[in-house]
Amino acid sequence: MEIVAIMGSHRNGHNTEKALDFFLSQIKGKHEVNIFNVNKVRVEPCKACDYCIPHQGECVIKDDAMTEIYKKFETCDLLIIASPVYFSALPSKIKAIIDRTQMLYNLKDKSIIKPKKLVVIALGGAPHYPRQFQAIDNTLEWYKKTLSCDEIGFVGFSHTDDVGTMKNKKSLEALEALGDKVNTIANKMEK
Ligand SMILES: Cc1cc2nc3c(=O)[nH]c(=O)nc-3n(C[C@H](O)[C@H](O)[C@H](O)COP(=O)(O)O)c2cc1C
C-alpha cells in the first residue's frame with residue numbers, strides 16, 4: 001500500500017507529529033510511506049491564475065514540492081492529514097498544499113486520481129468545544145472529492161496544550177482502532 005501523510009503542525013516533534021507517528025506505528029506490514037512535513041517542504045501559495053485550466057495537469061509553479069506531492073496524491077492508497085487547528089482552521093502551511101490541489105480540481109478527466117482512503121487527525125490546544133474541528137471538516141469537503149477520498153476516520157485530540165497527545169487515552173485508542181481498520185484494508189488489497 002502506498003501511504004502519504006501530511007504533518008501540518010508548524011512545530012516539529014510536538015503533539016501533531018507524535019499523534020501521526022503513533023498512528024503510523026499501528027500500521028503493520030511493508031508499505032511505501034511518504035511523509036510530507038510542512039516545515040521541511042517548500043510549497044508556494046496558489047496564485048489563482050487559472051493556468052491549470054487550459055494547461056490540464058500542470059501548475060504554473062513548477063519548482064516547489066507540489067510537483068512531487070501531486071504525483072503522490074494521484075497514486076497513493078491511503079492519505080493521512082494530521083493537523084492542529086489555528087483559530088479553529090487549518091494552519092497556513094498545510095492550507096497552501098490544499099489550495100494548490102486546485103490544479104487537480106480543475107482536471108476535466110480525473111481518472112488518473114486513484115480512489116483512496118483518508119484518515120484525518122485533528123488537534124486543538126483548548127478543551128473540547130463545539131465546532132473545534134468543524135472548519136477542518138468543511139475545508140476538506142471539496143479536497144476529499146477532488147482526490148477521490150473515502151474518509152474512514154476522523155480522530156480529534158482536544159486540550160493538547162495541557163494534556164499532551166500521548167496522555168489522551170481515548171483518542172489514542174481511536175487511532176489504534178483505526179490502525180486495525182487500515183491493516184484489514186491493506187490485507188484485502190494484497191490478496
Ligand atoms: C496561531 C495559533 C492559533 C491557535 N488556535 C487554536 C484554536 O482556535 N483552538 C484550539 O483548540 N487551539 C488552538 N491553538 C492551539 C493548537 O491547536 C495546539 O497548541 C496544538 O497542539 C498545536 O499542535 P502542535 O502541538 O503539534 O504544535 C492555536 C495555536 C496557535 C499557534
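**Exercise 1. Asp 50**

Place Asp 50 in this predicted model, then decide whether it is buried or exposed.

*Solution.*
Step 1: Find the element. Asp 50 sits in the loop that joins S2 and H2.
Step 2: Count neighbours. There are 11 C-beta neighbours inside 10 Å of Asp 50.
Step 3: Apply the cut-off. A residue with 12 or fewer is exposed, so Asp 50 counts as exposed.
Step 4: Check the backbone. Phi of Asp 50 is near 65°, which is positive, and the residue is not a glycine.

**Exercise 2. Val 38**

Which residues does Val 38 contact beyond its sequence neighbours, and is Val 38 buried or exposed?

*Solution.*
Step 1: Locate the residue. Val 38 is in the loop between strand S2 (32-37) and helix H2 (66-75).
Step 2: Count. Val 38 has 23 C-beta neighbours inside 10 Å.
Step 3: Compare with the cut-off. Burial takes 20 or more, so Val 38 counts as buried.
Step 4: List the contacts. Setting aside neighbours within four places in sequence, these are Met 7, Gly 8, Lys 93 and Ile 94.
Step 5: Take one distance across the model. Val 38 and Ile 152 are 114 residues apart along the chain, and their C-alpha atoms are separated by 23 Å.

**Exercise 3. Ser 148**

Find the loop that holds Ser 148 and describe its phi angle.

*Solution.*
Step 1: Ser 148 belongs to the loop between helix H5 (134-146) and strand S5 (149-157).
Step 2: Its phi is positive, about 55°, although Ser 148 is not a glycine.
Step 3: Within 10 Å lie 17 other C-beta atoms, so Ser 148 is partly exposed.

**Exercise 4. Two tyrosines**

Work out the location and exposure of Tyr 86 and of Tyr 70.

*Solution.*
Step 1: Tyr 86 is in the loop between strand S3 (78-84) and helix H3 (92-100).
Step 2: Tyr 86 has 17 C-beta neighbours inside 10 Å, so it counts as partly exposed.
Step 3: Tyr 86 and Gly 8 are 78 residues apart in sequence, with 11 Å between their C-alpha atoms.
Step 4: Tyr 70 lies in helix H2.
Step 5: With 18 other C-beta atoms within 10 Å, Tyr 70 is partly exposed.
Step 6: Leaving out residues up to four places away in sequence, Tyr 70 touches Met 103 and Leu 104.
Step 7: Tyr 70 and Ala 82 are twelve residues apart along the chain, and 18 Å separates their C-alpha atoms.

**Exercise 5. Strand S3 and the core**

Trace the contacts of Leu 78 and Ile 80, then turn to the largest nonpolar core.

*Solution.*
Step 1: Leu 78 lies in strand S3.
Step 2: Leu 78 has 22 other C-beta atoms within 10 Å, so it is buried.
Step 3: Beyond residues up to four places away, Leu 78 touches Met 1, Ile 3, Lys 116, Lys 117 and Val 182.
Step 4: Ala 177 is 99 residues from Leu 78 in sequence and 16 Å from it, C-alpha to C-alpha.
Step 5: By the same sequence filter, Ile 80 touches Ile 3, Ala 5, Leu 20, Phe 23, Val 119 and Ile 121.
Step 6: The largest nonpolar core has 43 residues. Those with the most contacts inside it are Ala 5, Ala 19, Leu 20, Leu 79, Ile 80, Ala 82 and Ile 121.

**Exercise 6. Helices H1 and H6**

Describe how helix H1 and helix H6 pack.

*Solution.*
Step 1: Helix H1 covers residues 15-26 and helix H6 covers residues 169-190.
Step 2: Their axes are 8 Å apart, at an angle of about 35°.
Step 3: The crossing of H1 and H6 is right-handed.
Step 4: H1 contributes Ala 19, Phe 22, Phe 23 and Gln 26 to the contact, and H6 contributes Leu 172, Leu 175, Glu 176, Leu 178 and Gly 179.
Step 5: By class, the residues of this contact are six nonpolar, two polar and one charged.

**Exercise 7. The ligand shell**

Which residues come nearest to the ligand, and how does the shell divide by class?

*Solution.*
Step 1: There are 17 residues around the ligand.
Step 2: Ser 9, Thr 16, Pro 84, Gly 124 and Gly 125 come nearest.
Step 3: The shell holds six nonpolar, nine polar and two charged residues.

Conventions. Residues are numbered from 1 along each chain as its sequence is written. This is a predicted model: local features need pLDDT of at least 70, side-chain atom pairs count only at pLDDT 80 or more; totals for chains, interfaces and linings use all residues. A residue is near a molecule or strand if its C-beta atom, placed from the backbone, lies within 6 Å of it. Ala, Val, Leu, Ile, Met, Phe, Trp, Tyr, Cys and Pro count as nonpolar, Asp, Glu, Lys and Arg as charged, and the others, Gly among them, as polar. Axes are lines fitted to C-alpha atoms, for helices over the stretch in contact, and angles run from 0 to 180 degrees between N-to-C directions. Helices (H or I, at least four residues) and strands (E, at least two) are DSSP runs, numbered from the N terminus. A crossing is left-handed if the near helix is turned anticlockwise from the far one by less than a right angle, and right-handed if clockwise. Two residues are in contact if their C-beta atoms, placed from the backbone, lie within 7 Å. A nonpolar core is a set of buried Ala, Val, Leu, Ile, Met, Phe, Trp, Tyr and Cys residues joined through C-beta atoms within 7 Å.
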